[in-house]
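Hi,

Here is the structure I promised to pass on. Have a look at it first, and then read my notes on what turned up.

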Amino acid sequence: MAQSKGTVVLAYSGGLDTSCILVWLKEQGYDVIAYLANIGQKEDFEAARKKALALGAKKVYIEDVSREFVESFIWPAVQASALYEDRYLLGTALARPCIAQGLVGIAQQERAPYIAHGATGKGNDQVRFELSCYALCPKIKVVAPWRLPEFYQRFPGRRELMDYAKKHGIPVPVTPQTPWSMDENLMHISYEAGILENPKNQAPPGLYTKTCDPAKSPDTPDVLEIEFERGVPVKVTNTGDGATRSSALELFVYLNDIAGKHGVGRIDIVENRFVGMKSRGIYETPAGTILYHAHLDIEAFTMDREVRKIKQGLSLKFSELVYNGFWHSPECEFLRECIGRSQEPVVGTVRLSVFKGHVYILGRESPRSLYNEELVSMNVQGDYEPADATGFININSLRLKEYHRLQSKVTVKQDE
């Protein structure tokens with residue numbers, strides 16, 4: 001055993017990588033404290049605690065941050081209508097800064113100079129974890145085994161990790177029957193690596209765990225009414241059985257159950273990682289998908305057109321910053337403030353149907369609605385003079401006329 005190097009707080013999951021890393025860190029001379037964040041994943045936390053202690057962890061902290069995850073991370077993303085590259089709802093990217101907060105908090109409490117994680121040297125999570133940790137505690141030092149030659153040369157693949165695990169009596173759940181990597185939290189579950197690295201390969205039928213096959217989902221839809229205040233869902237009511245949920249965590253868990261039952265929230269995409277490569281990821285984001293569509297609808301109903309155009313631009317930048325790991329940056333904090341301010345009028349109720357893998361908007365109402373039924377009606381003139389449209393069209397056509405007049409002159413000259 002190497003000479004003691006001090007205490008390191010390891011972001012521990014109980015899986016193959018972090019279990020092997022825990023033992024390896026001890027071999028390198030670190031005193032290891034394991035930190036496991038309960039962020040809504042299906043996990044036997046007591047078994048994980050016993051496993052970490054059996055592998056030599058000095059202490060194990062298990063912290064339930066699921067409510068904070070919803071209220072402080074998911075809700076701002078819902079307000080922003082956050083979507084990376086038009087498809088990804090940012091489930092993992094939102095979870096990393098939340099976990100990092102807890103990790104740094106324990107490191108400061110234990111006066112540990114180091115934190116460690118099991119993120120690979122090719123992925124986004126290494127960036128997300130470390131940028132958050134450095135922002136929250138500038139003096140912290142990071143041990144990232146997958147970027148250390150002495151680690152990744154010793155473990156070039158999963159087989160070597162499995163051999164190491166067997167040698168050190170580390171029980172691991174990974175088997176050849178599930179040859180892909182999974183990461184789960186309350187918002188979503190992601191699948192990547194292994195046989196999924198070939199983007200041509202279709203996802204095996206047994207891969208999905210959060211949603212059922214839409215083709216085998218119930219033949220009767222669930223009709224929900226979701227109430228929003230300042231762009232945040234505050235109550236959901238199932239019009240079928242009258243079930244209601246109003247606390248943030250319970251509401252989100254309930255929507256996960258309803259959406260999962262109907263096969264809502266599956267995507268299979270190739271995305272651009274921050275580090276510069278494309279990767280294939282499969283995601284299930286049940287509740288997030290319902291809320292994305294519901295929020296989009298109530299926002300369009302209540303927000304001024306020009307404000308919404310600006311807000312859409314802010315949302316694109318927000319999504320990029322979150323994906324790339326800059327949650328705790330000054331620019332991301334500024335965007336959250338701006339987007340939050342834009343959500344003041346986003347109040348009301350959206351009625352929707354969840355059915356066979358889809359979310360269908362059925363109707364909406366709001367005391368802050370900018371929709372004027374009389375003004376827009378084809379049967380009532382209202383406070384609008386149709387003749388005014390002639391001048392409106394003439395003014396807007398002037399630019400087009402001039403452009404094409406000039407183009408005609410250029411074409412004539414070219415033909416001469």
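**What I found**

UniProt, in an unreviewed entry, lists residues 8-171 as "domain: Arginosuccinate synthase-like N-terminal". Before you set anything up, bear in mind that this is a predicted model. Over residues 8-171 the chain is 50% helix and 15% strand, and the C-alpha atoms at the two ends of that stretch are 22 Å apart.

**Salt bridges**

As a reminder, side chains of opposite charge can pair when their charged atoms come close. How many salt bridges does the structure hold? The count is 23. A few of them deserve a closer look.

Start with Arg-154 and Glu-27, whose side chains meet at 3.4 Å, N to O. This pair links distant parts of the chain, 127 residues apart: Arg-154 sits in the loop between helix 6 (149-152) and helix 7 (158-167), while Glu-27 belongs to helix 1 (residues 16-27). Arg-154 has a relative accessible area of 37%, so it counts as partly exposed. Glu-27 is partly exposed too, at 25% relative accessibility.

Next come Arg-230 and Glu-344, with their closest N and O atoms 3.8 Å apart in a salt bridge. Here again distant parts of the chain are linked, this time 114 residues apart. Both partners are in loops: Arg-230 between strand 8 (222-229) and strand 9 (232-238), Glu-344 between helix 11 (330-342) and strand 13 (348-355). Glu-344 is partly exposed, with a relative accessible area of 32%, and Arg-230 is also partly exposed, at 42%.

Then there is Asp-268 with Arg-280, a salt bridge at 2.8 Å, N to O. Asp-268 lies in strand 11 (residues 266-272) and Arg-280 in strand 12 (residues 278-284), so the bridge ties together parts that are 12 residues apart in sequence. Are the two partners buried or exposed? Asp-268 is partly exposed, with a relative accessible area of 37%. Arg-280 has a relative accessibility of 7%, and because buried means under 20%, Arg-280 counts as buried.

Finally, Arg-96, Asp-125, Arg-128 and Asp-183 are linked in a network of salt bridges.

**A negative patch**

Where does negative charge gather on the surface? Look at Glu-63, Asp-64, Glu-68 and Glu-71, which form a patch there. Strand 3 (59-64) and helix 3 (66-80) are the elements that give two or more residues to this patch. Glu-68 has its place in helix 3 and is partly exposed, with a relative accessible area of 35%.

**Backbone oddities**

Most residues other than glycine have a negative phi. Which residues have a positive phi here although they are not glycine? Two to check are Arg-111, at about 55°, and Arg-230, at about 50°.

Arg-111 lies in the loop between helix 4 (91-109) and strand 4 (114-116). With a relative accessible area of 75%, Arg-111 is exposed. Arg-230 you have already met above: it is the salt-bridge partner of Glu-344, found in the loop between strand 8 and strand 9.

That's the lot from me.

Cheers

Definitions and conventions. Residues are numbered from 1 along each chain as its sequence is written. This is a predicted model: local features need pLDDT of at least 70, side-chain atom pairs count only at pLDDT 80 or more; totals for chains, interfaces and linings use all residues. Side-chain values use heavy atoms; hydrogens and water are left out. Patches are made of residues with over 30% relative accessible area and no salt bridge: like charges are joined within 9 Å, nonpolar side chains (Val, Leu, Ile, Met, Phe, Trp, Tyr) within 5 Å. Accessible areas come from the Shrake-Rupley method with a 1.4 Å probe; for residues, only the protein chains shown count as cover. A salt bridge is a side-chain nitrogen of Lys or Arg within 4 Å of a carboxyl oxygen of Asp or Glu. Lys and Arg count as positive and Asp and Glu as negative; His and the chain ends are not counted. The place of a charge is taken as NZ of Lys, CZ of Arg, CG of Asp or CD of Glu. Helices (H or I, at least four residues) and strands (E, at least two) are DSSP runs, numbered from the N terminus. Buried means under 20% relative accessible area, exposed over 50%, partly exposed in between (1.4 Å probe, protein chains only). UniProt positions are given in the numbering used here, feature names are shortened, and annotations may be inferred rather than shown by experiment.
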